[in-house]
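Here is a short tour of a protein model, written for someone who likes to see how the pieces fit. Have a look at the structure, then read on.

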Amino acid sequence: MSAFHDVAFTVRQPFGVQVATQRRVDVVALASGHETRNARTADALRRYTIPVGTRPIAEIRAILSFFEARGGPLHAFRFRDPVEPSTAADGGAPSAVDASVGIGDGTVTDFQLRTASGRTIRKPDAQTVLVALDGVAVDPADYTVGQSTGLVAFATPPGSGVLVTAGCLFDVPVRFENQSLSVTRADPESGSLDDLVLMEVIA
C-alpha cells in the first residue's frame with residue numbers, strides 16, 4: 001500500500017530542470033456544440049523533469065538508494081520546488097504577510113497555509129512558518145503548525161473580521177514517475193543516469 005514518506009529528496013539540481021504545471025480537466029463536447037468541463041483537482045499539479053547526466057558514482061548510488069527506499073513510484077516524499085520554494089514573491093525569505101490564509105470569525109482556530117496565488121501548502125518547513133493577524137506578527141508560541149498538513153492551529157481563535165496571513169518555505173509532495181532507472185558506468189569514478197521525473201501528488 002502506498003504511503004507518504006516524510007523525507008526530502010535533495011539531489012543536486014543542475015540548470016535545465018523542467019517544471020510543468022498541469023490542470024486535470026475533463027472536457028466533454030455536447031451535441032449542441034457546448035462543452036462541459038470539470039476540474040479533477042482543486043489545485044494545479046506540477047511535474048518535474050531533472051536531468052541527471054554524468055555524476056560522481058557516489059551521487060548515482062545515493063539517488064538509486066533513495067529510489068529503492070521509496071519503492072520507485074510507490075511512496076511519495078518531499079521535494080523543494082526550484083521555481084517556487086517559498087511564499088515570498090521572489091522565492092526568498094518568507095514573511096508573515098506573504099499570503100492570505102483566511103478571515104477570523106471568533107470561532108475557527110485552524111487555517112490552511114497557501115501561496116499568494118492560492119496553491120495549497122501541505123508540506124511546510126514548520127520552523128520557517130510566520131503568521132500575522134491584521135499585519136501584526138503573532139508569537140509562534142500562540143499557534144502550532146502541522147508539518148504534514150500545512151494547518152496553522154491557533155490556541156485562541158482570531159477575532160471576527162481579522163485577516164490571517166502567513167509565509168513559509170515549503171516542499172511539494174511528489175512521487176517518481178520512473179518505473180526503473182538505468183545507470184551507465186562512464187569510468188571508475190562516475191556514471192550517468194536517466195532523467196528523473198517527479199509528479200506532484202495530493203498527500
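For charges, Lys and Arg count as positive and Asp and Glu as negative, while His and the chain ends are not counted. In this predicted model, the protein has 18 positive and 23 negative charges, and their mean positions lie 7 Å apart.

Now for the overall picture. The secondary structure comprises 1 helix and 19 strands. Of the 203 residues in the protein, 40% are buried. Looking at contacts between residues at least 6 apart in sequence, 74% join residues at least 24 apart. The protein exposes about 10,700 Å², and carbon and sulfur atoms supply 53% of that area. Its C-alpha atoms fill a box of roughly 65 × 55 × 35 Å along the principal axes.

One sheet deserves a closer look. It is open, with 3 strands in the order E6-E18-E17 and antiparallel pairing. At its edges sit E6 and E17, each of which pairs on one side only. From one strand to the next, the twist averages 35°. E17 and E18 are joined by 4 bridges, and Arg185 stands opposite Gly191 in E18.

| Strand | Residues |
|---|---|
| E6 | 53-56 |
| E17 | 183-187 |
| E18 | 190-193 |

Finally, a backbone detail: where does Asp134 lie? Asp134 is in the loop between strand E11 (130-133) and strand E12 (136-137). Its phi is near 50°, a positive value in a residue other than glycine. Most residues other than glycine have a negative phi.

Technical notes. Residues numbered from 1 in each chain as written. Predicted model: local features only at pLDDT ≥ 70, side-chain atom pairs only at ≥ 80, totals over all residues. Heavy atoms only, no water. Helix = DSSP H or I, 4+ residues; strand = E, 2+ residues; numbered from the N terminus. Buried < 20%, exposed > 50% of the residue type's maximum accessible area, 1.4 Å probe, protein only. Contact = heavy atoms within 4.5 Å. Areas by Shrake-Rupley, 256 points an atom, 1.4 Å probe, with all protein chains shown as cover. Charge placed at Lys NZ, Arg CZ, Asp CG, Glu CD. Pairing = 2+ DSSP bridges. Axes fitted to C-alpha atoms, helices over the stretch in contact; angles between N-to-C directions.
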